[in-house]
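Dear colleague,

Please find below the sequence and the structure that I am handing over to you. My notes on what was found follow directly after.

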There are 2 protein chains.
Amino acid sequence: MMMQTIAYLGPPGTFSEEAAIALATAQPDVVYLPLSSIPAVVTAIETDAATVGVLPIENMLEGSVNFTLDLLIHETNLRIAGEIVIPIRQYLVTRAGLALPQIQVLYAHPQSLGQCRRFVERCLPGVATVASLSNSAAPAEALADERPSAAISTLRAAEITGAQILARDIADNHSNVTRFIVLAQQDAAPTGHDKTSFCFGFREDRAGVLVGALQTLAEEAINMTKLESRPSKEVLGQYIFLIDIEGHRNDAHVARALDRIAARTGMFKIFGSYPRRQAQNQAGS
Amino acid sequence: MMMQTIAYLGPPGTFSEEAAIALATAQPDVVYLPLSSIPAVVTAIETDAATVGVLPIENMLEGSVNFTLDLLIHETNLRIAGEIVIPIRQYLVTRAGLALPQIQVLYAHPQSLGQCRRFVERCLPGVATVASLSNSAAPAEALADERPSAAISTLRAAEITGAQILARDIADNHSNVTRFIVLAQQDAAPTGHDKTSFCFGFREDRAGVLVGALQTLAEEAINMTKLESRPSKEVLGQYIFLIDIEGHRNDAHVARALDRIAARTGMFKIFGSYPRRQAQNQAGS
């Protein structure tokens, strides 16, 4: 795949930028395109303003990014061409010369604040917290505040803003990761170590119907790595199931299973086949 | 079940209060306890500060309320004793004397604003939008603003604040509903028209293992009405499955199926059995 422009959910300094940078590794000429929303990333790829884009799809603690799932189901025919797993490491940063006991104000994205609750309770008791719109905006706002302020920041945002690092790896859970998908016009060619993502729906959500689809996978000895449901958005209690399996859609047994599942279900859509990536903190499965 | 104090996620005027009021129907003496967070509702019931509580668990458009699901899985041994389905109807409200073409500022909870996008684009073009923390705070803030302001509001919040209704049912989707669960120390006795919620997890997420659990339900002719997954929060790619089925956990065939599933799976937890409620805009299943 020739890569030129990588779109991501900006601003620079977010974990999404870290995913875009990780994707660009070993690519000589890459242009980064930070955009203001997830739909903007999709539209940029659809209109060839970007060659590929990275979107967050799943966090180890928070679960699926529903916005991305709904976009895949309802809004775009772009394919998943890859995945990237990024460790979520939080840093406490401030302007040069301030020490931990002096901090009175803490800027943080609310989700990051929640992930660093133990550190904040113990090391910053009584601090006033201010909600920031992103992990990248927080350090910039802390640096602009005249009071003794700190921020919860990504390493990359600390580099960009020139903030000083007071503490590293401050999240309660040190093994947290976020998985990003790489969206493109085409999915990836088989590598022998692939994954396929697809979804299906049916009018009657009986165990017997879903079990048929899953049984097809079991009969073909296909390992399922994820099963997620999203509302059909038509009637409460009607769902679309999103499934990740091992194998490429061009593999004979995968193609056979997908054909059988498509024949049984109503709505059916393949999001793409792409090389599997392991999280850095996980053993192989 | 004797009911005295119903805890809910406040403030008054939210859809959660509408759920609490719907629960209280036919109860003579009821005290409402609006609290500031979902964990506060749980703690109030656990400590007998409240008899029961209502928590949002699923919206027809947005899907599951992950916070509530994770709380059931990881944090509490309270039981689900009932469910309530509330239509999500949005109103445009303002102070007396203002008409639609005069409105310059619109207060709205971001999720509600998203649900009313078409109305706002067509009937309030060029309006400045301000994010409010709840559907109940929005009308209060609009009334306090000196500029010609309106708010997206629940009917109940319009009543409480005395705001004038300019337009009704302004959401793009008119059949949107939210399902709430009733939490209590005990679940409900069988009525012959019940539902049971439970969850389970296992270390290896193979299709063959999940399919075994679902097959057990199919063999006992038990209808599954919902299947949802949440991260185990331990390793990316390890999930807990949450399942709703028809029938009471005291029904012989349901008890048999649950025993068989519990024997096969690692973590297993029954959230409770309770009478099924249909959404007002749905046909019977």
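I begin with the way the two copies meet. Of the interface residues of chain B, 97% are also interface residues in chain A, so the copies meet through the same surface. Please bear in mind throughout that this is a predicted model.

**The two chains**

In the interface, 33 residues of chain B are in contact with 32 residues of chain A. On the chain B side, strand E11 (177-184), helix H8 (207-219) and strand E13 (224-231) each contribute at least two residues. By class, this side of chain B consists of 17 nonpolar, nine polar and seven charged residues.

How are two copies of a chain related in general? They are related by a rotation about an axis and a shift along it. Here, a turn of 180 degrees with a shift of 0.0 Å along the axis lays chain B on chain A, with an RMSD of 0.0 Å. This is the relation of a two-fold axis.

**Domains of chain A**

Chain A is divided into three parts: domain 1 (1-87 + 176-186), domain 2 (91-168) and domain 3 (190-285). Between the C-alpha centres of domain 1 and domain 2 of chain A there are 26 Å. Contact between these two domains of chain A involves eight residues of domain 1 and eight residues of domain 2. The side of domain 1 of chain A that touches domain 2 of chain A is made up of three nonpolar, three polar and two charged residues.

**A four-stranded sheet in chain A**

Chain A has an open sheet of four strands in the order E13-E14-E12-E15, and the pairing is antiparallel. Its edge strands are E13 (224-231) and E15 (268-275) of chain A, each of which pairs on one side only. On average, and with direction ignored, neighbouring strands of this sheet are turned by 15 degrees against each other.

Within the sheet, strand E12 (residues 194-201) and strand E14 (residues 239-246) of chain A pair in the antiparallel sense over seven bridges. To place this pairing in the sequence, A:Cys199 has A:Leu242 in E14(A) as its bridge partner. Helix H3 (residues 66-75) of chain A lies across all four of these strands, E12, E13, E14 and E15 of chain A, and runs at about 85 degrees to E13(A).

**A five-stranded sheet in chain B**

In chain B, I draw your attention to an open sheet of five strands with mixed pairing, in the order E8-E7-E9-E6-E10. Strand E8 (128-131) and strand E10 (164-168) of chain B stand at the edges with a single partner strand each, so one side of each has no neighbour in the sheet. From one strand to the next, the twist averages 30 degrees.

Strand E6 (residues 91-94) of chain B pairs with E10(B) in the antiparallel sense over four bridges. In this pair, B:Leu92 stands opposite B:Ala167 in E10(B). Helix H6 (residues 137-144) of chain B lies across E6, strand E7 (105-108) and strand E9 (149-153) of chain B, and its direction is at about 170 degrees to E9(B).

**A helix pair in chain B**

Two packed helices are described by the angle between their axes and the distance between the axes. For helix H2 (residues 38-46) and helix H3 (residues 66-74) of chain B, the axes come within 10 Å and cross at roughly 35 degrees. The crossing of H2(B) and H3(B) is right-handed.

Which residues make the contact? H2(B) provides B:Ile38, B:Pro39 and B:Val42, and H3(B) provides B:Phe67, B:Thr68 and B:Leu71. Five of the residues in this contact of H2(B) with H3(B) are nonpolar, one is polar and none is charged.

**Backbone points to inspect**

Most residues other than glycine have a negative phi, and most peptide bonds are trans. The following places depart from that pattern.

- A:Gly10 and A:Pro11 are joined by a cis peptide bond, with omega of about 5 degrees. A:Pro11 lies in the loop between strand E1 (5-9) and helix H1 (15-24) of chain A.
- B:Gly10 and B:Pro11 are likewise joined by a cis peptide bond, with omega of about 5 degrees. B:Pro11 lies in the loop between strand E1 (5-9) and helix H1 (15-24) of chain B.
- B:Asp169 is not a glycine, yet has a positive phi of about 55 degrees. B:Asp169 is found in the loop between E10 and E11 of chain B.

With kind regards

Conventions: Residues are numbered from 1 along each chain as its sequence is written. Chains are lettered from A and ligands numbered from 1 in the order in which they are written. This is a predicted model: local features need pLDDT of at least 70, side-chain atom pairs count only at pLDDT 80 or more; totals for chains, interfaces and linings use all residues. Domain bounds come from an automatic or database domain assignment. Two residues are in contact if their C-beta atoms, placed from the backbone, lie within 7 Å. Ala, Val, Leu, Ile, Met, Phe, Trp, Tyr, Cys and Pro count as nonpolar, Asp, Glu, Lys and Arg as charged, and the others, Gly among them, as polar. Two strands pair if DSSP finds at least two bridges between them. Axes are lines fitted to C-alpha atoms, for helices over the stretch in contact, and angles run from 0 to 180 degrees between N-to-C directions. Copies are superposed by least squares on the C-alpha atoms of residues with pLDDT of at least 70 in both. A crossing is left-handed if the near helix is turned anticlockwise from the far one by less than a right angle, and right-handed if clockwise.
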